[in-house]
Amino acid sequence: MKYSRIAGTGSQLPDKVVTNHDLEKTIETSDQWIRERTGIRERRVAVDGETTGTLAREACRKALEAADVDPAEIDLFVMGTTTPDLVFPSTACLLQKQLGLPDCGAMDVNAACSGFMYALSVADKYVRCGDAKKVLVCGAETLSRIVNWNKRETAILFGDGAGAVVLEACDDPGILSTHIHANGNYVDLLTTNAGISVGWDAVEENDGKPEIIMRGNEVFKVAVRTLGRIVEETLSANQLEKSDLTWLIPHQANLRIISAMAKMLDMNMDHVVVTVDRHGNTSAASVPLALDEAIRDGRIQRGDLLLLEAFGGGFTWGSALIRY
Ligand code: UT7
């Protein structure tokens, strides 16, 4: 068996909803500005006791159930996350026990908002080379824990959630190709101001907690350019045309970026899965959350050709072309 295919998907969101109107009460912003500039109306935020791990656990359980796969059959577990529960063990490792997975490899991959695309790429390669038959892949984040809620530049954008897929080996694709890239020269445009090894000393704002630092407008421009390139790379690697695509499942950072991608692909927005209005930017969770929603509500059907793409801090970016 030469390829991997998506056998099942799942997702999980915190119950707590924070609307734009809620944010209007604490920072100098407006519902109108947020909707016009980002397309976001509300986002979900983890409460005490909810973590990246608890959200991921439920998303993974639902994906295993949808795939009708026993956790004991999983050969590898890969998690894309930038906000792990602990420094170590990895969140994947913590969940391995809770999910009832065997002693398979379990790892976190940190590629910021592209984390799920990176995780999916690793998982697909393991299946393709014959070292794994069933792989659990998850993208999960609690970015709300590293947002400065007093800064309007970032507080309006981010949300929490988790999405997961089970991949299984098959004779026909499945995943046609995955593509991942990084360019660390852009670190200053989107980063955090503290870390485990660098330390917290420089942090004065945000009650001494690390926070996301972003030059949004510059990130926006590079994101549109870079995603345009990876979309072309992905289609040409498979000798396919834009018109062959059935669905675009983009990273949900900003509706204007998503619309620009749809325009580049000559795709009607009816064929683009949009969740940013209700989820905000959930980083590594955004693509699997959107994928799960459109599979469960019946929009995505077996046989459809799906293009998944994401872009995030680093910069990192990635894509996958999938015959569902
Ligand atoms: O997922 C990882 C990748 N991240 C992204 O892709 C994020 C990409 N960037 C964006 O989505 C957008 O750049 C933002 C939504 C973050 C900002 O939108 P923008 O249209 O690029 O706005 P801007 O930063 O150029 O700011 C325009 C104005 C500024 O005021 P002045 O200088 O024109 O007076 C800002 O101070 O809007 C102001 N502003 C706000 N006003 C009300 C910035 N944030 C807000 C706010 N509410 N929340």
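**View A. D171 in the loop between strand 7 and strand 8 of a predicted model.** D171 belongs to the loop that joins strand 7 to strand 8, and the model shown here and in the views that follow is a predicted one. With a relative accessibility of 53%, D171 counts as exposed, because the cut-off for that label is over 50%. Once residues up to four places away in sequence are set aside, D171 touches M1 and Y3. Take a look at S4 as well: its C-alpha atom is 8.2 Å from that of D171, although 167 residues separate the two along the chain.

**View B. The open five-stranded sheet.** Five strands make up this open sheet, in the order 1-7-6-4-5 and with mixed pairing. Its edges are strand 1 (3-12) and strand 5 (105-109), each of which pairs on one side only. On average, neighbouring strands here are turned by 20° against each other, direction ignored. For a closer look at one edge, follow strand 4 (residues 76-80) and strand 5: they run parallel and are joined by five bridges. One residue pair to find there is F77 with its bridge partner in strand 5, A106.

**View C. Helices on the five-stranded sheet.** Helix 5 (residues 115-128) packs on this sheet and touches strand 1, strand 4, strand 5, strand 6 and strand 7. The direction of helix 5 makes about 170° with that of strand 6. Helix 3 (residues 52-67) lies across strand 1, strand 4, strand 6 (134-142) and strand 7 (160-170). Relative to strand 1, helix 3 runs at about 130°.

**View D. A92 in helix 4.** A92 is found in helix 4, which spans residues 91-99. Is A92 buried or exposed? A92 has a relative accessible area of 0%, so this residue is buried. Beyond residues up to four places away in sequence, A92 touches F77, M79, A106, M107 and D108. V137 is 45 residues from A92 along the chain, and their C-alpha atoms are separated by 9.6 Å.

**View E. T29 between two helices.** Here we zoom in on the loop between helix 1 (20-24) and helix 2 (31-38), where T29 has its place. T29 has a relative accessible area of 19% and counts as buried, because the limit is under 20%. Leaving aside neighbours within four places in sequence, the contacts of T29 are L23, E24, I34 and I156.

**View F. The open four-stranded sheet.** This open sheet has four strands in the order 8-13-12-11, again with mixed pairing. Strand 8 (175-182) and strand 11 (247-250) stand at the edges with a single partner strand each, so one side of each has no neighbour in the sheet. Neighbouring strands are turned by 10° against each other on average, direction ignored. Helix 7 (residues 216-237) packs on the sheet and touches strand 8, strand 12 and strand 13 (316-323). The directions of helix 7 and strand 12 make an angle of about 145°.

**View G. Strand 11 and its partner.** Strand 11 runs parallel to strand 12 (residues 305-312), and four bridges join them. L248 has L307 as its bridge partner in strand 12, while P250 stands opposite E309. Both faces of strand 11 are covered: W247 and I249 are buried on one side, L248 and P250 on the other.

**View H. The largest nonpolar core.** In soluble globular proteins, nonpolar side chains tend to be buried together. The largest such core in this model has 41 residues. Which residues have the most contacts inside it? They are I212, L245, L265, F311 and F315. Strand 10 (212-214), helix 7, helix 8 (255-264), strand 12 and strand 13 each supply at least two residues. Helix 7 gives the most, with eight residues.

**View I. Aromatic rings and a charge over a ring.** The structure holds three aromatic pairs. In one of them, the ring centres of F311 and F315 are 4.6 Å apart and the planes stand at 45°, so the pair is tilted. F311 and F315 are both buried. Ring pairs link Y186, F311, F315 and W317 into a cluster. A charge over a ring can be found as well: the charged end of R302 sits over the ring of Y324, 3.9 Å from its centre.

Terms used. Residues are numbered from 1 along each chain as its sequence is written. This is a predicted model: local features need pLDDT of at least 70, side-chain atom pairs count only at pLDDT 80 or more; totals for chains, interfaces and linings use all residues. Side-chain values use heavy atoms; hydrogens and water are left out. Rings of Phe, Tyr and Trp (its six-membered ring) pair if their centres lie within 6.5 Å; planes under 30 degrees apart count as stacked, over 60 as edge-to-face and the rest as tilted. Buried means under 20% relative accessible area, exposed over 50%, partly exposed in between (1.4 Å probe, protein chains only). A charge sits over a ring if NZ of Lys or CZ of Arg is within 6 Å of the ring centre and within 35 degrees of the ring normal. Two strands pair if DSSP finds at least two bridges between them. Axes are lines fitted to C-alpha atoms, for helices over the stretch in contact, and angles run from 0 to 180 degrees between N-to-C directions. Contact means heavy atoms within 4.5 Å. A nonpolar core is a set of buried Ala, Val, Leu, Ile, Met, Phe, Trp, Tyr and Cys residues joined through side-chain atoms within 4.5 Å.
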